[in-house]
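Q: Could you take me through one part of this model in close detail? I would like to look at the metal site, and then at a few other spots for context.

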Amino acid sequence: MKYEFWFVVGSQFLYGEEVLETVAKRAGEMAEELSKVLPFPLVYKVTAKTNKEISDVVREANYAENCAGIVTWCHTFSPSKMWINGFAALQKPWCHLATQYNRQIPNEEIDMDFMNLNQAAHGDREHGFIGARMRMKRKIIAGYWKDTPVRERLGRWMRTAVGAAVSRSMKVMRFGDNMREVAVTEGDKVEAQIKLGWQVNTWAVGDLVKEMNAVTEAEVDALVAEYTAAYDIATDNTAAIRYQAREEIAIRKMMDAEGCKAFTNTFQDLYGMEQLPGLASQHLMARGYGYGGEGDWKVSAMTAILKAMGEGGNGASGFMEDYTYHFGEDGNYSLGAHMLEVCPSLAAGKPRIETHHLGIGMNEKDPARLVFEGKAGPAIVVSLIDMGGRLRLICQDIRCVKPILPMPNLPVARVMWQALPDLTTGVECWITAGGAHHTVLSYDVTAEQMKDWANMMDIEFVHIGKDTTVEQLEKDLFLADLAWKLR
Ligand code: MN
């Protein structure tokens, strides 16, 4: 889908034809200039002066599949009662860009004509009131439209709105159920579909095995050639690599046939398969598919959505699991990994394909997997949990580091990080909020984007960052619990 955003500029008839022509000309120029630097085109649609013009463009936006959201701005004063009918019908994400055409006040030239043409400062306040009065979900970005921070925030909001669109069409393919007895990976799939749009359904592992048996040697050869080009082969066990290729091709065929962008499996249900998909799941994630281990469909769909929200539509985001801590004199760290399935988009260098024994699950043969160290840099971890009656999205800021130990006997990819505000407070906050051991780790999606996404999807959002304390978080969660029960 080639997504775009629509630019709707508010005005009224009061100022005369000439002012309206200037507003329209400038709005077109701004959309064109911004489109050169934004990740998606911003298409100027209309200088709206009537209730009907606004209702019409909203109706059109709601129906246009490629329109991922609208951006509004009031160059002049635009009385907001004429926006009510349109806004009441709006189903797409909305960003109010509070800006103005000129950067500075022209000292000598400023007169009443200038004031009538350039009055966003009060036009945008009238516009903001109706958003507040109608309790609208919206993003407000204030600043000069040519300034880089404004453009970057608008760009990130666009990616987030695309994440909302991707969510509303998300289909998850489940092979097997959740891992036995595990609570946090459970959830209300009906509620998830109502709120987030996700279609989460199950397919038989036996059907996957049938599909695997139908994969040709030529198909396997072609995918192994791709592996060889992208990764270092650090095993003599080519049969294991070929087996993973066969698994990847079969899973992908089944997902593509159903239009699924994410999948789950479980080591407890691999009947007819020799190996848990490791390299296969990792390479599918590299292609942009979501994955969740142990039947965790929530983290799988979230992985696909964060990938779509990242740089270039397939960012550095992947399925992650908190494994073990390092409480050292050299600092406190979390070590994240998974049994096999860590996305190579998180890798600092070229991943190696290795084969090792895997004791957990029903692996008849040693599965091939990619082994690497994660990149250093700021990142987030995100967990979606079902609180019973509502979904809660928890996002924590982290600082990834080059792993401080080589860990030569660890047979899986690993990422090491420091949680914010610090490891122990961060862990206490995470556990207080009920965050899962499974997360999506992302280097290029920000906490602000996740907050905006939660807002677009109308779910609870909890952010743990550099200023979070356990005491304040407990109060926030208590009040949020009451507020969400009243809704
Ligand atoms: Mn796991």
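Which residues are the protein donors of the manganese ion, and how are they spaced along the chain?

A: Happy to! Please keep in mind that this is a predicted model. The manganese ion has as its protein donors Glu-294 and Glu-321, each through OE, together with His-338 and His-438, each through NE2. These donors lie 2.0 to 2.2 Å from the ion. Along the chain, the donors follow the spacing E-x26-E-x16-H-x99-H.

The two glutamates link distant parts of the chain, 27 residues apart. Glu-294 sits in the loop between strand S10 (290-292) and helix H12 (297-309), while Glu-321 belongs to strand S11 (residues 317-328). Glu-294 counts as buried because its relative accessibility is 8%, under the 20% cut-off. Glu-321 is buried as well, with a relative accessible area of 9%.

Turning from the metal site, another residue to look at is Phe-372, in the loop between strand S14 (368-371) and strand S15 (377-386). Phe-372 has a relative accessible area of 4%, so it is buried. Between Phe-372 and Val-342 there are 9.1 Å in space, C-alpha to C-alpha, and the pair is 30 residues apart in sequence.

For the surface, there is a negative patch formed by Glu-17, Glu-18, Glu-21, Glu-108, Glu-109, Asp-111 and Asp-113. Helix H1 (residues 17-37) gives the most to this patch, with three residues. Glu-21 is located in helix H1.

Conventions
Residues numbered from 1 in each chain as written. Predicted model: local features only at pLDDT ≥ 70, side-chain atom pairs only at ≥ 80, totals over all residues. Heavy atoms only, no water. Donors = N, O, S within 2.8 Å, 3.2 Å for Na, K, Ca; no water. Helix = DSSP H or I, 4+ residues; strand = E, 2+ residues; numbered from the N terminus. Buried < 20%, exposed > 50% of the residue type's maximum accessible area, 1.4 Å probe, protein only. Patch = residues over 30% accessible without salt bridge, like charges linked within 9 Å, V, L, I, M, F, W, Y side chains within 5 Å. Areas by Shrake-Rupley, 256 points an atom, 1.4 Å probe, with all protein chains shown as cover. Salt bridge = Lys/Arg side-chain N within 4 Å of Asp/Glu carboxyl O. Lys, Arg positive; Asp, Glu negative; His and termini not counted. Charge placed at Lys NZ, Arg CZ, Asp CG, Glu CD.
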